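I opened my notebook to record a few things looked up in one structure. The entries follow in the order I made them.

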Amino acid sequence: MTAEEPSTIRSESTAEPPPGIPPDSYLNPRHLSLVEPSLADFYDAIREADREMNRAAAKRAAAIYAAQRVLADVGRARAEAAERAGGPRMPWSPEEATKEEFTCEVGALLRLPRRTAETLIEASRTLAEDLPVTREALASGAISYRHAQVIMEQAWGIRVDDDPEAAARARAVFEEVLVPDAEV
């Protein structure tokens, strides 16, 4: 079944709602059973398409993170080359220039405003480095990208007395509790 294939109506069904349940004029089981392929097939296709989109969002985040890591190495190499050259100091460090380049490139590639590209890059880093349970749930299609965004936004606020290790442990507990509730 595809979106282009029209459904057909069968006329031989006599399905009635279960006893004690009043007929619903809009979602009457008798009417729903007349549609071929069944609405359940359409719902399954919708659910699977959504899971594919979630998996694709995780794949995009992983690709952004990998590119970001490679360009960080490029930025460090530029900084070292600039230091060795001893020429005039640029107004931006090579690392900042590389970060700016990457943000602009991601924004242009995905047709996103600058701030949205920055947020997407930070979200990709967060999924890769800080929220492995969320990343895996998104990659499997078990949660939506919107669920992952909400989890990330909340996790960004987790601070523990300026102790990064304690904050990481707190994020892990946070994920263990929240991700199962977000699964679709």
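Entry 1. I looked up Arg171 and found Arg171 in helix 7, which covers residues 164-182. The model is a predicted one, and I kept that in mind for every entry.

Entry 2. Is Arg171 buried or exposed? I read a relative accessible area of 13% for Arg171. Buried means under 20%, so Arg171 counts as buried.

Entry 3. I then asked which residues Arg171 is in contact with, leaving aside neighbours within four places in sequence. I listed Asp130, Leu131, Ala155 and Ile158.

Entry 4. I turned to the whole chain and noted 7 helices and 2 strands. Starting at the N terminus, I wrote the order down as β-α-β-α-α-α-α-α-α.

Entry 5. How much of the chain is buried? I noted that 26% of the 184 residues count as buried. For the exposed area of the chain I wrote about 12,400 Å², with 58% of it supplied by carbon and sulfur atoms.

Entry 6. I checked contacts between residues at least 6 apart in sequence, and 56% of these join residues at least 24 apart.

Entry 7. I looked at the surface for charge and found a negative patch formed by Glu80, Glu83, Glu95 and Glu96. Helix 2 (39-85) and helix 3 (94-110) are the elements that each give two or more residues to this patch.

Entry 8. I picked Glu96 from the patch; Glu96 lies in helix 3. The relative accessibility of Glu96 is 45%, so I put Glu96 down as partly exposed, the class between under 20% and over 50%.

Definitions and conventions: Residues are numbered from 1 along each chain as its sequence is written. This is a predicted model: local features need pLDDT of at least 70, side-chain atom pairs count only at pLDDT 80 or more; totals for chains, interfaces and linings use all residues. Side-chain values use heavy atoms; hydrogens and water are left out. Patches are made of residues with over 30% relative accessible area and no salt bridge: like charges are joined within 9 Å, nonpolar side chains (Val, Leu, Ile, Met, Phe, Trp, Tyr) within 5 Å. Accessible areas come from the Shrake-Rupley method with a 1.4 Å probe; for residues, only the protein chains shown count as cover. A salt bridge is a side-chain nitrogen of Lys or Arg within 4 Å of a carboxyl oxygen of Asp or Glu. Lys and Arg count as positive and Asp and Glu as negative; His and the chain ends are not counted. The place of a charge is taken as NZ of Lys, CZ of Arg, CG of Asp or CD of Glu. Helices (H or I, at least four residues) and strands (E, at least two) are DSSP runs, numbered from the N terminus. Buried means under 20% relative accessible area, exposed over 50%, partly exposed in between (1.4 Å probe, protein chains only). Contact means heavy atoms within 4.5 Å.
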